[in-house]
Amino acid sequence: MANEATPSSPRLDYIDNLRSTMIFLVLAMHAAVTYSHFGRWYYNAPEPIGRWEGLVFGLFQGHLQAFFMGLLFLVAGYFTPISYDRKGGGHFLWDRFVRLGLPSLLFIFAIHDTMGHFMLHWHGNDTFWHSYVYYVTHGDWLDGSGPMWFAIALLAFSLGYAVIRAVLPHFSTAFKVPGIRGVLCGGLIVTALTFLARVVWPLGTAWHNMQFCFFAQYIALFAVGVFARRGDWFATFSTRSGYRLLIGAAIAGPLVWLGVQFAGPLLPAEPGAFSGGWHWQSALGAAWEQMFGVAFCAGLLVLFREKFNTGGRLSKLVSANSFGIYVFHPPVLVATSLVLAGWAAPALCKFAVATVLAFLASLAFVHLVARRIPLLKSIL
């Protein structure tokens with residue numbers, strides 16, 4: 001997930017800032033799930049939410065889910081070809097394992113069950129050692145990746161890229177930078193793939209913490225990132241086109257989403273029709289999600305390239321620790337939410353406070369503790 005600039009090229013500050021922002025939004029999403037109960041997370045606040053709070057949470061989480069992880073895969077794909085070119089196949093895969101596989105193993109075997117035992121009391125009065133041995137020997141660890149599913153998926157994508165390069169070493173992926181029409185056509189293709197995927201894996205289903213209902217976008221944007229590097233798309237994509245896509249998505253996305261929310265109950269539909277299957281409701285949901293997500297990703301890249309392409313002390317501090325924040329934010333956010341449990345405040349207020357406090361605490365822990373430990377510093 002690091003910004004792997006070549007020795008002869010400047011560091012791309014806007015990519016660093018964009019990636020750091022997405023990781024902040026990952027934490028914000030998990031804080032939202034804590035209080036909205038929309039989605040799965042380690043801890044859910046016991047207080048119910050009202051209708052309008054639910055609408056705000058749904059609007060925020062629905063739009064966030066449509067683009068933020070896909071954008072991280074897009075950026076990861078962008079740095080994949082140059083890393084492979086510089087290191088070669090074997091070294092590239094070893095580096096991916098160290099940077100992605102080892103942090104994932106750290107989370108699975110040192111953070112996930114430890115957090116569940118001591119913070120959330122998953123195992124009641126059972127001793128930690130006894131419950132941990134059961135966790136390891138009975139295969140429960142296969143579901144213990146938490147947010148590190150992203151790193152595991154990215155490791156798999158990197159392996160797939162290495163296989164393609166080994167089979168087709170001279171394959172050129174340099175294509176002309178697309179315009180608005182190309183971006184929207186790409187969104188339609190991902191829409192169709194997402195709809196087909198959700199026939200088999202509807203929304204809400206997971207296999208060992210992998211939600212394949214979203215993977216059509218992740219795979220597509222990772223591939224686009226690879227093509228973008230060869231064609232220098234990030235630098236040459238039209239500023240005007242990017243702003244048009246960003247503004248269009250920012251206006252049309254919420255309007256369509258709210259329209260579906262208010263009109264949906266008036267339309268006859270089978271249970272779960274919007275989640276997947278051969279239903280027009282599933283097709284509509286996939287179309288909204290992917291057209292918004294793809295357009296918003298393109299627009300955000302241009303926005304950050306034009307307006308946030310600087311690296312001050314604060315942005316460099318956050319960027320250097322962003323992957324560590326991603327790895328360690330679950331126990332910090334859970335602890336923060338538990339501390340705030342006795343505070344009688346609206347759910348939206350507690351969500352905002354928990355997000356800010358957990359992000360600052362995660363940043364402090366990673367910068368002052370985790371990355372000062374030699375073994376952890378080498379993989380964070």
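Begin by selecting Asn209, which at 22% relative accessibility counts as partly exposed. The model in the viewer is a predicted one. Asn209 sits in the loop that joins α6 (180-200) to α7 (215-231). Its backbone merits inspection: Asn209 is not a glycine, yet its phi is positive, at about 75 degrees. Most residues other than glycine have a negative phi.

Next, select His37, another non-glycine residue with a positive phi, here about 70 degrees. His37 lies in the loop between α1 and α2. With 38% relative accessibility, His37 counts as partly exposed.

Remain in this loop and add Glu47 and Lys350 to the selection. Which atoms bring the two side chains together? Lys350 forms a salt bridge with Glu47, and the closest N and O atoms are 3.6 Å apart. The pair connects distant parts of the chain, since Glu47 belongs to the loop between α1 and α2 while Lys350 belongs to helix α12, 303 residues apart. Is each partner buried or exposed? Lys350 has a relative accessible area of 2% and is therefore buried. Glu47, by contrast, is partly exposed, with a relative accessible area of 32%.

From Lys350, extend the selection to the whole of helix α12, residues 347-368. This helix has 22 residues and spans 31 Å from its first C-alpha to its last, close to the expected 32 Å. Colouring by accessibility will separate out its buried residues, among them Ala347, Phe351, Ala354, Phe359, Leu363 and Val366. Lys350 is also in this buried set, together with Thr355 and Ser362. What do the buried residues of α12 pack against? Their partners are α1 (13-36), α2 (51-65) and α11 (313-339).

Cys349 can be selected next; this residue is partly exposed, with a relative accessible area of 32%. The cysteines raise the matter of disulfides, and a search of the whole structure finds zero of them. For one case, select Cys185 and Cys297: the closest cysteine sulfur to that of Cys185 is in Cys297, 17 Å away, which is too far for a bond. A disulfide would require the two sulfur atoms to be within 2.5 Å. Cys185 counts as partly exposed, at 40% relative accessibility.

Now turn to the other salt bridges; the count for the structure comes to nine. Select Asp95 and Arg96, whose side chains meet in a salt bridge with an N to O distance of 2.7 Å. Both of these residues are buried. Adding Lys87 and Arg99 to the selection displays a network of salt bridges that links Lys87, Asp95, Arg96 and Arg99.

A further pair is Arg305 and Glu306, whose side chains meet in a salt bridge at 2.8 Å, N to O. Here the partners differ in accessibility. Arg305 counts as buried, at 11% relative accessibility, whereas Glu306 is partly exposed, with a relative accessible area of 38%.

Finish the tour on the surface. Select Leu159, Val163, Ile164, Val167 and Leu168, which form a nonpolar patch there. Together these residues present about 460 Å² of accessible area. Where does Ile164 lie? Ile164 is in helix α5, which comprises residues 149-167. At 47% relative accessibility, Ile164 counts as partly exposed.

Terms used
Residues are numbered from 1 along each chain as its sequence is written. This is a predicted model: local features need pLDDT of at least 70, side-chain atom pairs count only at pLDDT 80 or more; totals for chains, interfaces and linings use all residues. Side-chain values use heavy atoms; hydrogens and water are left out. Patches are made of residues with over 30% relative accessible area and no salt bridge: like charges are joined within 9 Å, nonpolar side chains (Val, Leu, Ile, Met, Phe, Trp, Tyr) within 5 Å. Accessible areas come from the Shrake-Rupley method with a 1.4 Å probe; for residues, only the protein chains shown count as cover. A salt bridge is a side-chain nitrogen of Lys or Arg within 4 Å of a carboxyl oxygen of Asp or Glu. Helices (H or I, at least four residues) and strands (E, at least two) are DSSP runs, numbered from the N terminus. Buried means under 20% relative accessible area, exposed over 50%, partly exposed in between (1.4 Å probe, protein chains only). The expected span of a helix is 1.5 Å times one less than its number of residues. Contact means heavy atoms within 4.5 Å.
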